[in-house]
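Reader: Before I use the terms in this description, I want to see what each one rests on. Please set the values against the cut-offs.

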Amino acid sequence: MDWRQQIEEGAEGSPHSNLLGSRFVSFDEETATATMHFTVKREMTTWRGGVQGGLVAGYLDDVMGYAYVAATGGEMAPLNLDISMSLIRLIPDGATIIGKGRVVKAGRRVVFLEGELLAEDGTLYARSTSTAIPTPRPSPGETGMG
């Protein structure tokens, strides 16, 4: 199985990605940018009718993480030290979110990532940055989850 298939199956098979309604779409090697789609589930929303802020961080974390996983050919995964995000607009129940995650710089000891969430028409919902430690990508078998 090649790394793209591993990533696609991982994004659509891990417990957290299932909760988020994640689907890996593509990876642009030239810009180190991953694209994912998320389908907002009602369980992710508040009484305001939009995704709860902490859960928005989950979408951003997922797309930034998969950008790094893809950039390393499925070998590595980031372990976050810090995530900063700006919530621009309410993400409505039932929306399809387009996530863009990008590796800004990756070294042996630290990885810098960026992410954004967009509506299908390109309207910006949220953006983020992350500082992470590069780690070997765990498998479900190694973690006891597979």
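Author: The turns below take the terms one by one. This is a predicted model, in which local features need pLDDT of at least 70 and side-chain atom pairs count only at pLDDT 80 or more, while totals for chains, interfaces and linings use all residues. Residues are numbered from 1 along each chain as its sequence is written, and side-chain values use heavy atoms, with hydrogens and water left out.

Reader: Why is L81 called exposed?

Author: Exposed means over 50% relative accessible area, buried under 20%, and partly exposed in between (1.4 Å probe, protein chains only). L81 has 55%, so L81 is exposed. Its place is in strand β3, residues 76–87.

Reader: What makes L79, L81 and I133 a patch?

Author: Patch residues have over 30% relative accessible area and no salt bridge (a side-chain nitrogen of Lys or Arg within 4 Å of a carboxyl oxygen of Asp or Glu). Nonpolar side chains (Val, Leu, Ile, Met, Phe, Trp, Tyr) are joined within 5 Å, like charges within 9 Å. L79, L81 and I133 form a nonpolar patch with about 270 Å² of accessible area together, by the Shrake-Rupley method.

Reader: How do you know that β4 pairs with β5?

Author: Pairing takes at least two bridges found by DSSP. Eight join β4 to β5 (residues 111–118), so the two antiparallel strands pair. G99 has L117 as its bridge partner in β5, and a hairpin of four residues joins β4 to β5.

Reader: Which strand joins β4 through seven bridges?

Author: Strand β2 (residues 33–39) does, running antiparallel to β4 (residues 96–106). F38 has I97 as its bridge partner in β4.

Notes. Accessible areas come from the Shrake-Rupley method with a 1.4 Å probe; for residues, only the protein chains shown count as cover.
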